[in-house]
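Look at the sequence and the model shown here. The report after them moves from the whole chain to single residues.

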Amino acid sequence: MYPSAALYTACRCSKVKIDKTKIVGIAGVKRSTFDKLSSAMEVHTKKLQESKKVMKGKRQHNWIEDLEKSFEGEETDKPTEESRSPRKKSKDDDYEEWKRKILESANAATS
């Protein structure tokens, strides 16, 4: 019932002619039930179309503009290599310390 109503509503919104009696027959419901469902779906479709029109009005940033900004030095959102290095070094130090402890304990166990 729902897929056939959705198909009918989509065809109607796209202005494609479709035989309603065949669709109702495939759905296996009464015509009044099908009409109520398709009208409800049409309302939701109109709401979606309106929201998409609003979204199209906004200008989307493209990757070329972002690239130009990064070359100009205007983009400060992304962390630089210097700001990431202390944290990275501490992780490396922690790893080295962990690795040393594990190797020492393995050495002690085998001796």
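What follows describes the overall make-up, one pair of helices and two single residues.

**Overall make-up**

The model is predicted. The protein contains 5 helices and 0 strands. Its pattern along the sequence is therefore α-α-α-α-α, with helices defined as DSSP runs of at least four residues.

The protein has 111 residues, and 13% of them count as buried. Its accessible surface is about 9,900 Å². Carbon and sulfur atoms account for 57% of that surface. Contacts in the protein can also be sorted by distance along the sequence. Among those between residues at least 6 apart, 50% join residues at least 24 apart.

**Helices H1 and H2**

Helix H1 covers residues 2–13 and helix H2 covers residues 20–27. Their axes come within 8 Å of each other and cross at roughly 160 degrees. Because of this angle, H1 is roughly antiparallel to H2, as angles over 145 degrees are counted that way. The crossing of H1 and H2 is right-handed.

Which residues of H1 and H2 meet? From H1 come Ser-4, Leu-7 and Tyr-8, and from H2 come Lys-20, Ile-23 and Ala-27. Sorted by class, the contact of H1 with H2 has 4 nonpolar residues, 1 polar residue and 1 charged residue.

**Two single residues**

Ser-38 and Lys-15 can be set side by side.

| Residue | Place | Relative accessibility |
|---|---|---|
| Ser-38 | helix H3 (residues 31–57) | 5% |
| Lys-15 | loop between H1 and H2 | 74% |

Is Ser-38 buried or exposed? Ser-38 counts as buried, because its relative accessibility is 5% and the cut-off for buried is under 20%. Leaving out residues up to four places away in sequence, Ser-38 touches Tyr-8 and Thr-9. Tyr-8 is also one of the H1 residues that meet H2.

Lys-15 lies in the loop between H1 and H2. Lys-15 counts as exposed, because its relative accessibility is 74% and the cut-off for exposed is over 50%. The backbone of this residue can be described as well. Phi of Lys-15 is near 60 degrees, which is a positive value in a residue other than glycine. Most residues other than glycine have a negative phi.

**In short**

The predicted model has 5 helices and 0 strands. H1 and H2 are roughly antiparallel, Ser-38 in the model counts as buried, and Lys-15 counts as exposed.

Technical notes: Residues numbered from 1 in each chain as written. Predicted model: local features only at pLDDT ≥ 70, side-chain atom pairs only at ≥ 80, totals over all residues. Heavy atoms only, no water. Axes fitted to C-alpha atoms, helices over the stretch in contact; angles between N-to-C directions. Helix = DSSP H or I, 4+ residues; strand = E, 2+ residues; numbered from the N terminus. Parallel < 35°, antiparallel > 145°, perpendicular 65-115°, else oblique. Left-handed = near helix turned anticlockwise from the far one by under 90°. Contact = heavy atoms within 4.5 Å. Nonpolar A, V, L, I, M, F, W, Y, C, P; charged D, E, K, R; others polar. Buried < 20%, exposed > 50% of the residue type's maximum accessible area, 1.4 Å probe, protein only. Areas by Shrake-Rupley, 256 points an atom, 1.4 Å probe, with all protein chains shown as cover.
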